[in-house]
Amino acid sequence: MTSNLSLADEKHRLRKEALARRKAMAEIVRIEKSLALADHVSDLPIPAGAIVAGFWPIRDEIDPRPLLDRLRQNGHTLCLPVVAEPHLIFRKLDRGCVMEDAGFGTMAPGPNAEELLPDVLLMPLAGFDRLGNRIGYGKGHYDTAISALEKSGPLLCIGLAFALQEVELVPAEGHDKPLAGILTEDGYRSFC
């Protein structure tokens, strides 16, 4: 039990430090670095015609919307997560669709939007390491969604973050699934 507590404590410490670095960035710097994600779209190992789940940014997260627009232009179907039980669901994102509160300050297409099973998850995170381990926000929404989606077939999980969110080593637990790669303003890095 003590080792689990120390793992949780270490993750909490690393999460707090990485999020503090992210929050300290000037808004204009966050915007410029977010826009840079779209410059690396051709480096992503996303199969043609894949259904790609992005996310609506909250607080000072990297903003994936310019990247998502580029993916749409490249022929991908897009969707966004909605907090539901027992795990996240993903609703189709079309231009001009009605958006609503999707929990935790995020937005997503409303309940009339088609529910999709994504082939690719572009995931927000608090921190990541050089091995592809990630630190989420501690709620486990993506962990349970990944577990459910993998039952339907292969799933490509790519983290989106600012480069300064990298930490030395994430204490991974048995249920933690490493990312296939990470996309930062500096480019795509594969962990496979």
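How many bridges join strand E4 (residues 99-103) to strand E5 (residues 106-109), and do the two run parallel or antiparallel? There are four, and the strands run antiparallel. Keep in mind as you look that this is a predicted model. One of the pairs to pick out here is glycine 103, whose bridge partner in E5 is threonine 106. Together E4 and E5 make a hairpin, with two residues between the strands. Have a look at phenylalanine 104 in that turn: its phi is positive, at about 60 degrees. For context, most residues other than glycine have a negative phi.

Phenylalanine 104 has company in this respect. Arginine 59 also has a positive phi, near 45 degrees, and arginine 59 isn't a glycine either. You'll find arginine 59 in the loop between strand E1 (51-53) and H3. Its relative accessible area is 65%, so arginine 59 counts as exposed.

Now for the sheet. Eight strands form an open sheet, and if you walk across it the order is E6-E3-E2-E1-E7-E10-E11-E12, with mixed pairing. At the edges stand strand E6 (115-116) and strand E12 (187-190); each has a single partner strand, so one side of each is left without a neighbour in the sheet. As a reminder, strands of a sheet pair through backbone hydrogen bonds, either parallel or antiparallel.

Let's step through part of that order, starting at E2. E1 and E2 run parallel and are joined by three bridges; one place to see this is isoleucine 51, whose bridge partner in E2 is threonine 77. On to E7: E1 and E7 also run parallel, with two bridges between them, and valine 52 has valine 120 as its bridge partner in E7. Valine 120 then carries you one strand further, since its bridge partner in E10 is leucine 156. E7 and strand E10 (residues 156-160) pair over four bridges, in the parallel sense.

While you're on E7, check where its side chains go. In a regular strand the side chains alternate between the two faces of the sheet. In E7 (residues 120-123), Val120 and Leu122 point one way, Leu121 and Met123 point the other way, and all of them are buried.

Next, slide over to histidine 76, in the loop between H3 and strand E2 (77-82). Is histidine 76 buried or exposed? At 9% relative accessibility, histidine 76 is buried, because the cut-off for that class is under 20%. Its side chain reaches the backbone oxygen of alanine 50 at 3.2 Å. Leaving aside residues up to four places away in sequence, histidine 76 touches Ile46, Pro47, Ala48, Gly49, Ala50, Val52 and Leu71. Val52 is a residue you've already met, as the bridge partner of valine 120.

What about charges? A search of the whole structure turns up 12 salt bridges. In helix H1 (residues 2-23), glutamate 17 and arginine 13 sit four residues apart, about one turn of the helix. They form a salt bridge, with the closest N and O atoms 2.7 Å apart. Both count as partly exposed, glutamate 17 at 36% relative accessibility and arginine 13 at 37%.

Helix H3 (residues 65-73) has a pair of its own: arginine 72 and aspartate 69, three residues apart, which is also about one turn of the helix. Their side chains meet in a salt bridge at 3.8 Å, N to O. Arginine 72 is partly exposed at 26%, and aspartate 69 is partly exposed at 21%.

Then there's arginine 91, which forms a salt bridge with glutamate 100 at 3.3 Å, N to O. Arginine 91 is buried, with a relative accessible area of 12%, whereas glutamate 100 is partly exposed at 30%. Back among the H1 residues, salt bridges that share partners join Glu10, Arg13 and Glu17 into one network.

Finish with the surface. Ile28, Val29, Ile31 and Leu35 make a nonpolar surface patch of about 330 Å². Leucine 35 lies in helix H2 (residues 27-37), and at 40% relative accessibility leucine 35 counts as partly exposed.

Terms used. Residues are numbered from 1 along each chain as its sequence is written. This is a predicted model: local features need pLDDT of at least 70, side-chain atom pairs count only at pLDDT 80 or more; totals for chains, interfaces and linings use all residues. Side-chain values use heavy atoms; hydrogens and water are left out. A salt bridge is a side-chain nitrogen of Lys or Arg within 4 Å of a carboxyl oxygen of Asp or Glu. Buried means under 20% relative accessible area, exposed over 50%, partly exposed in between (1.4 Å probe, protein chains only). Two strands pair if DSSP finds at least two bridges between them. A polar contact is a pair of N or O atoms within 3.5 Å; within protein, one must be able to donate a hydrogen and the other to accept it, and residues adjacent in sequence count only if both atoms are side-chain atoms. Contact means heavy atoms within 4.5 Å. Patches are made of residues with over 30% relative accessible area and no salt bridge: like charges are joined within 9 Å, nonpolar side chains (Val, Leu, Ile, Met, Phe, Trp, Tyr) within 5 Å. Accessible areas come from the Shrake-Rupley method with a 1.4 Å probe; for residues, only the protein chains shown count as cover.
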